[in-house]
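Please look over the sequence and the fold together before reading on. The paragraphs below go from the whole chain to its sheet and then to one helix.

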Amino acid sequence: MHALGLELAAVLRAGDLVVLSGPLGAGKTTLTRGIGEGLDVRGPVTSPTFVLARTHPALSGGAPLVHVDAYRLSSALELDDLDIDFARSVVVVEWGSGMLDGVAESWLEVAIERPTGADEGSGAEDEGDEVDEPRTVTLTGFGPRWAADPA
């Protein structure tokens with residue numbers, strides 16, 4: 001997921017909105033960490049669960065990364081109330097599916113599927129080690145930004 005984030009960062013630019021969906025433990029934050037590294041932002045990129053949104057300024061003059069956890073939000077209005085600078089940032093929203101009505105004209109949706117029980121019983125999770133499980137990731141672009149530049 002981290003490597004995919006690095007690849008995505010290469011095509012993202014200010015004004016881009018990326019919406020991540022997938023179950024707990026699917027790799028949404030790891031993907032965002034890779035995007036942050038690829039954008040060369042100040043880190044560390046961690047889950048913004050308790051603050052809802054965290055801005056990571058660019059270290060090399062590029063667009064900042066705004067990392068949003070929309071898990072506790074109930075509508076697009078609440079997302080809009082966070083007063084995010086969508087135009088000058090790369091915005092990544094975890095749990096943001098269905099929250100974009102009127103927020104943005106274009107966005108990239110990243111749907112992550114993780115098999116359940118792939119490494120069940122290995123004990124790696126209990127030791128704090130990352131488990132290398134296969135994921136299925138589907139990227140779908142919406143709006144003129146992604147129709148014009150589907151890379």
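Helices (H or I, at least four residues) and strands (E, at least two) are taken here as DSSP runs, numbered from the N terminus. By that reading the chain holds 4 helices and 6 strands, and along the sequence they follow the pattern α-β-α-β-β-α-β-β-β-α. The model is a predicted one, in which local features need pLDDT of at least 70 and side-chain atom pairs count only at pLDDT 80 or more, while totals for chains, interfaces and linings use all residues. Residues are numbered from 1 along each chain as its sequence is written, and side-chain values use heavy atoms, with hydrogens and water left out.

The 6 strands form an open sheet of mixed pairing, in the order β2-β3-β4-β1-β5-β6, where two strands pair if DSSP finds at least two bridges between them. Its edge strands are β2 (53–56) and β6 (136–142), each of which pairs on one side only. Within this sheet, β1 and β4 run parallel over 4 bridges, and V19 has V93 in β4 as its bridge partner.

Helix α2 comprises 12 residues (28–39), and its end C-alpha atoms lie 16 Å apart, which agrees with the 16 Å expected at 1.5 Å a residue, the expected span being 1.5 Å times one less than the number of residues. Among its buried residues (under 20% relative accessible area, with exposed over 50% and partly exposed in between, for a 1.4 Å probe and protein chains only) are L31, I35 and L39. The cover over the buried residues of α2 includes α1 (2–9), β1 (17–21), β3 (65–69), β4 (90–94) and β5 (107–113). After α2 comes D40, with a positive phi near 60°.

Key:
Contact means heavy atoms within 4.5 Å.
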